[in-house]
Amino acid sequence: MTKQELENRLIDFAATIIIIASKFEKNYAGNHLSGQIIRSGTSPALNYGEAQSAESKKDFIHKMGICLKELRETFVCLKIIEKANLSTDREG
């Protein structure tokens with residue numbers, strides 16, 4: 001995968017997260033997790049862009065580590081959202 005392909009995938013992921021978050025129930029939990037997942041789900045694309053201008057290899061590795069941590073946080077948040085049935089966009 002090229003740098004541009006990864007960047008595009010992270011941007012697509014961020015956009016998808018924003019769309020998903022817009023479908024959460026409008027209550028305290030929905031609002032809270034909507035804000036949380038938007039922050040953690042859009043962060044990897046932004047941090048990847050920053051990593052491309054890293055000042056050293058060590059700096060690049062650090063910034064990419066932040067991307068990974070944010071993706072893991074988003075994954076856990078998605079699990080919570082699914083278990084709590086917070087999406088108003090349900091099938092069936």
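A disulfide is counted here when a pair of cysteine sulfur atoms lies within 2.5 Å. In chemical terms, a disulfide is a covalent bond between the sulfur atoms of two cysteines. The structure examined here is a predicted model, in which local features need pLDDT of at least 70 and side-chain atom pairs count only at pLDDT 80 or more, while totals for chains, interfaces and linings use all residues. Residues are numbered from 1 along each chain as its sequence is written, and side-chain values use heavy atoms, with hydrogens and water left out.

The model holds 0 disulfides. Why is the sulfur of Cys77 not bonded to the sulfur of Cys67? The two sulfurs are 18 Å apart, too far for a bond, even though Cys67 has the closest cysteine sulfur to that of Cys77. Cys77 counts as buried, at 5% relative accessibility, and Cys67 is also buried, at 5%. (Buried means under 20% relative accessible area, exposed means over 50%, and partly exposed lies in between, using a 1.4 Å probe and protein chains only.)

Stepping back to the overall fold, the protein chain has 3 helices and 0 strands, which gives the pattern α-α-α along the sequence. Helices (H or I, at least four residues) and strands (E, at least two) are DSSP runs, numbered from the N terminus. The C-alpha trace spans about 50 × 20 × 15 Å along its principal axes. Of the 92 residues, 28% count as buried. The chain exposes about 6400 Å², with carbon and sulfur atoms supplying 57% of it; accessible areas come from the Shrake-Rupley method with a 1.4 Å probe, and for residues only the protein chains shown count as cover.

Helix H3 deserves a look of its own. Its 27 residues reach 39 Å from the first C-alpha to the last, close to the 39 Å expected at 1.5 Å a residue, where the expected span is 1.5 Å times one less than the number of residues. Which residues of H3 are buried? They are Asp59, Lys63, Cys67, Glu70, Thr74, Cys77 and Ile81. These buried residues pack against helix H1 (3–21) and helix H2 (28–51). As a general point, an α-helix has 3.6 residues a turn, so residues three or four places apart point the same way. After H3 comes Asn85, whose phi is positive, near 50°.

Two salt bridges are present in the structure, a salt bridge being a side-chain nitrogen of Lys or Arg within 4 Å of a carboxyl oxygen of Asp or Glu. In one, the side chains of Lys63 and Glu50 meet at 3.4 Å, N to O. This pair links distant parts of the chain, with Lys63 in helix H3 and Glu50 in helix H2, 13 residues apart. Lys63 also meets Asp59 in a salt bridge, at 3.0 Å, N to O. Lys63 and Asp59 are separated by about one helical turn because they are 4 residues apart in helix H3. Glu50, Asp59 and Lys63 are thus linked in a network of salt bridges. Within this network, Lys63 is buried, at 14%, and Asp59 is buried, at 19%, whereas Glu50 is partly exposed, at 44%.

Asn47, in helix H2, is buried, with a relative accessible area of 15%. Leaving aside neighbours within four places in sequence, Asn47 is in contact (heavy atoms within 4.5 Å) with Lys63, Ile66 and Cys67. By contrast, Lys26, in the loop between H1 and H2, is exposed at 65%.
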